Amino acid sequence: MIPRLLKKDVVAALARQSAVMLLGPRQSGKTTLALEIARDCGGAYLDLEDRDDRAKLAEPRLFLDALEDRLVVLDEIHRTPELFASLRGIIDRGRRRGKGVGRFLILGSASIALLKQASESLAGRVEQLELMPFSPLEVGDGRSSRESLWLRGGFPQSWLAGSDADSLVWRRNFVRAYLERDVPQFGPRVPAATLERLWSMLAHRQGSLLNSSNLATAMEVSARSVNRYVDLFVDLMLVRRLPPLHANVGKRLVKSPKTYVRDSGLVHSLLGISSLEALMGHPVVGASWEGFAIETLLGPLTWPAAASFFRTAAGAEVDLVIDFPVGERWAIEIKRSLTARMSRGFRTALTDLKPTRSFVVHAGAERYPLSDTVEAVGLQELALDISQAR
């Protein structure tokens, strides 16, 4: 099994909080990680998609009080949202008896709805963490591994498939299952073909500004419907909506967010890209690499950090701006080439933003200065820097 970097964060959170909510899309490895943590400490596991396990919680207080000395993993808790109200009382009673931490590890596949329910019922009792598919920091260093991960994406079954063809089949089935089974659980009843078309259009426009009116015209639906569907993909952690940075620089700024299909393998599946050679010749190659780099760099971030992009109407641009809770701001330009070179728009943006640190991240491994204030650095090394700066 490939070790997950988030494990230490989950264990640390359980040591200081009563409940930890681990969020991530389906098949990203949440259950595998939770079972490993439960085995390490003798915990119990309940799959709330299983009828028998749900039946055990018909009287949650009676069942869970009997497991007061053990960690309890509650998988796919969106199936029983009414359980949140019971968990609050159970946690409070346990605290009064000196059982204040490490009670529950809660797994879920939809972020906004679960966070809303948790914030209402478990305020002050739960900590949230996000587990996304594999990153380059987890599958090993080296250009070959990184490019294979870029092509296949980081969902464990896709990455570990016996061949690129098998990986593509898995991802196509994953897309179909999500649209036909999982999406209807969380959102409006929308034809799967409509949502697949939007998902594919977002993949074609990877890293572009979100233009709901343009998408609505192409899909023959309303702009409001497009925004609602995009919200759903964001909620399911399948699409990232990267907001523009609002900075007081005295210039006209772009106000629309950028959208990225979060897993690069799903981008390629939605576009019918089956091999690295086909990817290199596809118009989406640069935007696909940018999205892959952004997910790699944001993966180590904790919740309080803010990520955005910066662009002015005059063309000054930073692909990724990270504002850390400690007050530091990092500006990052992303290049797919093996060597780094600053664009004119990036230079201009640095003058406007005056970030604490500035980087041009490239597909190579070398680290070297580009100027007195800007470093060229490889993707994995910068991701490690971010994990240490959080």
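## Glu-130, strand 11 and two sets of parallel strands

Glu-130 lies in strand 5, which spans residues 126-130; strands (E, at least two residues) and helices (H or I, at least four) are DSSP runs, numbered from the N terminus. The model is predicted, and local features need pLDDT of at least 70, side-chain atom pairs count only at pLDDT 80 or more, and totals for chains, interfaces and linings use all residues. Residues are numbered from 1 along each chain as its sequence is written, and side-chain values use heavy atoms, with hydrogens and water left out.

Glu-130 counts as partly exposed because its relative accessibility is 29%; buried means under 20% relative accessible area, exposed over 50%, and partly exposed in between, with a 1.4 Å probe and protein chains only. The side chain of Glu-130 makes a polar contact of 2.7 Å with that of Arg-262. Such a contact is a pair of N or O atoms within 3.5 Å; within protein, one must be able to donate a hydrogen and the other to accept it, and residues adjacent in sequence count only if both atoms are side-chain atoms. Between the C-alpha atoms of Glu-130 and Leu-270, 140 residues apart along the chain, the separation is 24 Å.

Strand 5 belongs to an open sheet of five strands in the order 2-3-4-1-5, with parallel pairing; two strands pair if DSSP finds at least two bridges between them. Strand 2 (44-47) and strand 5 stand at the edges with a single partner strand each, so one side of each has no neighbour in the sheet. From one strand to the next, the twist averages 20°. Helix 2 (residues 30-41) packs on this sheet and touches strand 1 (19-23), strand 2, strand 3 and strand 4 (104-108), where contact means heavy atoms within 4.5 Å. The direction of helix 2 makes about 170° with that of strand 4; axes are lines fitted to C-alpha atoms, for helices over the stretch in contact, and angles run from 0 to 180 degrees between N-to-C directions.

Strand 11 (residues 357-362) is mostly covered, with five of its six residues buried. Strand 10, helix 17 (residues 344-353) and strand 11 form a right-handed β-α-β unit: with the strands pointing away from the viewer, the path from the first strand over the helix to the second runs clockwise.

The table lists parallel pairs, each with one pair of facing residues.

| Strands | Bridges | Facing residues |
|---|---|---|
| 2 and 3 (residues 72-75) | four | Leu-46 and Leu-74 |
| 10 (residues 329-334) and 11 | five | Glu-333 and Val-360 |
| 11 and 13 (residues 374-378) | five | His-362 and Gly-378 |
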